[in-house]
Each structure stands twice: as structure tokens, then as C-alpha cells.
Amino acid sequence: MIENWVDFALNVVGGATAFLGLFDGTRRLFAFGVHRKAVLMTILAASICALYGSFAYWKSVDLKTMSLSMNQRMSASTQLPANWGRGLSPEKKEVLSLARARHSFMESGSLGSYIDRRGVTRTFAPTQEDLMQRERVVAYYSRAEYAARSGMAEALLWLIIGLVAVLFGFAMSFEKFPARAGPAAEPAAPSGGTRRSS
């Protein structure tokens, strides 16, 4: 499904321009030898392919790194250390430990513990709003992982487009072009004129 029509239109125009330019530039290079127009066309089209492909790869690596850091945070321990909150008032300790347990639940989905005002360690019980926010976080990370995989596929697609255009251009360079016709020869006029019969 197409999420952003402007990006889709830019990708189509850029892809078509890169494919046709790389195809025709390669065909001209192999058919007619190295000349300025063919070299410029080939370099420009290859640059478009490389730009789009490297941007897609960078986006994929960036999203993959974010996903890995999220997985590392999720695997971290959600339990409070024994000496946590020493020196805080009981009310402040409860508020901060409850906020920590809620944050841990949002990121990892695991139920951590918090310390109430009486100093008793309790297990965090999420509210309906906490559950809805957790669902939104999970949906966001799922979309990020999907975007990372599709970005890698897009980078590979740009590489394939460039290679196919070069191969097609090379193959079409062997096509025989029809010989150009010279200026049309005018029919020869009779040289001796017409004879009269006597």
C-alpha cells in the first residue's frame, strides 16, 4: 500500500529517468564509442541510481539500529535495585518508582515493580490507558521494522535497476542501424533528344 503519494511519484520519475538514461547512455557508449553526451548521460543516470539506493540503504540501517536499541532496552531488567531511592521521601519514591515501572512497561511490555509509600515492593498493574499506549508503541516499532526491511529491498531494487539498464544498453548496442540514405538522385535526362522519323 502506498503511504505517501509524493514519495511514490518522485521514485517513479527518478527510477524511469535513471533507467532510460543509463540504458541509452550505455547503448551509445558501446555502439558509437566514448563521446561527451553518452558519458554525461551515463554518469548522471548512475548518480541518480546511487543516490536513491544509498538513501534507501541509510534509512534501512538507521531504522535497524533503532530497532536493535529498542530490543536491548526491552531485555534490560525491570526490577528495582535493593538500594534504589535511598534518601527520597516515601511519596517521592512511590511516584518515581511508579513512573519507572510504567515506562518499563511501555518499552518492554513486562511488568516491573515499584515501591509504595509504606516501603512495600509491589508489581505494576497497568491501567486501560497504559495498555492502549503500549499497543501504540508496539505498532510503531512494528512499522519501523517493516520500513527497515522494505528500505533494504528498495536499495537492492535500485542496484538491480542499474544493472539491468546497463545490460540492456550493452545488448542493444549490437543492433544494426539502417544505413542512412544519401541525397535522392534525380532521374537522368535523355541525352540525345528525340528522333524524328522521316
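## A walk through the helices

Start by selecting D130, R134, Y141, A144, A148, G151, A155, W158, G162, A165 and G169: these are the buried residues of helix 4. Keep in mind as you click around that this is a predicted model.

**Stop 1: the whole chain**

Zoom out for a moment. You should find four helices and two strands, and if you trace the chain from its start, the order is α-α-α-β-β-α. Of the 198 residues in the protein, 24% are buried. Turn on the surface and you have about 14600 Å² of accessible area, with 63% of that belonging to carbon and sulfur atoms. Now think about contacts with a separation of 6 or more: 60% of them come from residues 24 or more positions apart.

**Stop 2: helix 4, end to end**

Go back to helix 4 and select residues 128-172. How far apart are its end C-alpha atoms? They are 64 Å apart, which agrees with the 66 Å that 45 residues should span at 1.5 Å a residue.

Next, pick L156, L159, I160 and L163. Together they form a nonpolar patch on the surface, with about 380 Å² of accessible area. L159 lies in helix 4, so if you have that helix coloured, use L159 as your way in to the patch.

**Stop 3: just past helix 4**

Step along to S173, in the segment after helix 4. Is S173 buried or exposed? With 10% relative accessibility, S173 counts as buried. Show what surrounds S173: leaving aside residues up to four places away in sequence, S173 touches R27, F30 and A31. Hold on to R27, since that residue takes you to the next stop.

**Stop 4: charges in helix 1**

Select helix 1, residues 5-32, and show the side chains of D24, R27 and R28. Side chains of opposite charge can pair when their charged atoms come close. Check R27 and D24: they form a salt bridge, with their closest N and O atoms 2.7 Å apart. The two residues sit three residues apart in helix 1, about one turn of the helix. Both ends are buried: R27 has a relative accessible area of 15%, and D24 has 16%.

D24 also has a salt bridge with R28, and here the closest N and O atoms are 3.1 Å apart. D24 and R28 are four residues apart in helix 1, again about one turn of the helix. R28 is partly exposed, at 23% relative accessible area.

**Stop 5: a bridge between helices**

How many salt bridges does a search of the whole structure find? It finds three. One of them is between R102 and D130, whose closest N and O atoms are 3.1 Å apart. This pair links distant parts of the chain, with R102 in helix 3 and D130 in helix 4, 28 residues apart. The two ends differ in cover: R102 is partly exposed with a relative accessible area of 30%, whereas D130 counts as buried at 4% relative accessibility. Back in helix 1, shared partners join D24, R27 and R28 into one network of salt bridges.

**Stop 6: helix 3 and the core**

You already have R102 selected, so extend to the rest of helix 3, residues 90-108. Helix 3 has 19 residues and reaches 26 Å from its first C-alpha to its last, close to the 27 Å expected at 1.5 Å a residue. Its buried residues are E94, S97, A101, S104, F105, M106, E107 and S108.

Now select A101, F105, M106, Y114 and F124, the five residues of the largest nonpolar core. Which helix gives the most to this core? Helix 3 does, with three residues. Before you leave, click G109, just after helix 3, and look at its backbone: G109 takes a positive phi of about 85°.

**Last stop: helix 2**

Finish with helix 2, residues 36-75, where you will find K64. K64 is partly exposed, with a relative accessible area of 48%. Then add E145 to the selection: the C-alpha atoms of K64 and E145 are 6.8 Å apart, although 81 residues separate the two along the chain.

Conventions. Residues numbered from 1 in each chain as written. Predicted model: local features only at pLDDT ≥ 70, side-chain atom pairs only at ≥ 80, totals over all residues. Heavy atoms only, no water. Patch = residues over 30% accessible without salt bridge, like charges linked within 9 Å, V, L, I, M, F, W, Y side chains within 5 Å. Areas by Shrake-Rupley, 256 points an atom, 1.4 Å probe, with all protein chains shown as cover. Salt bridge = Lys/Arg side-chain N within 4 Å of Asp/Glu carboxyl O. Buried < 20%, exposed > 50% of the residue type's maximum accessible area, 1.4 Å probe, protein only. Contact = heavy atoms within 4.5 Å. Core = buried A, V, L, I, M, F, W, Y, C linked by side-chain atoms within 4.5 Å. Expected span 1.5 Å × (residues − 1).
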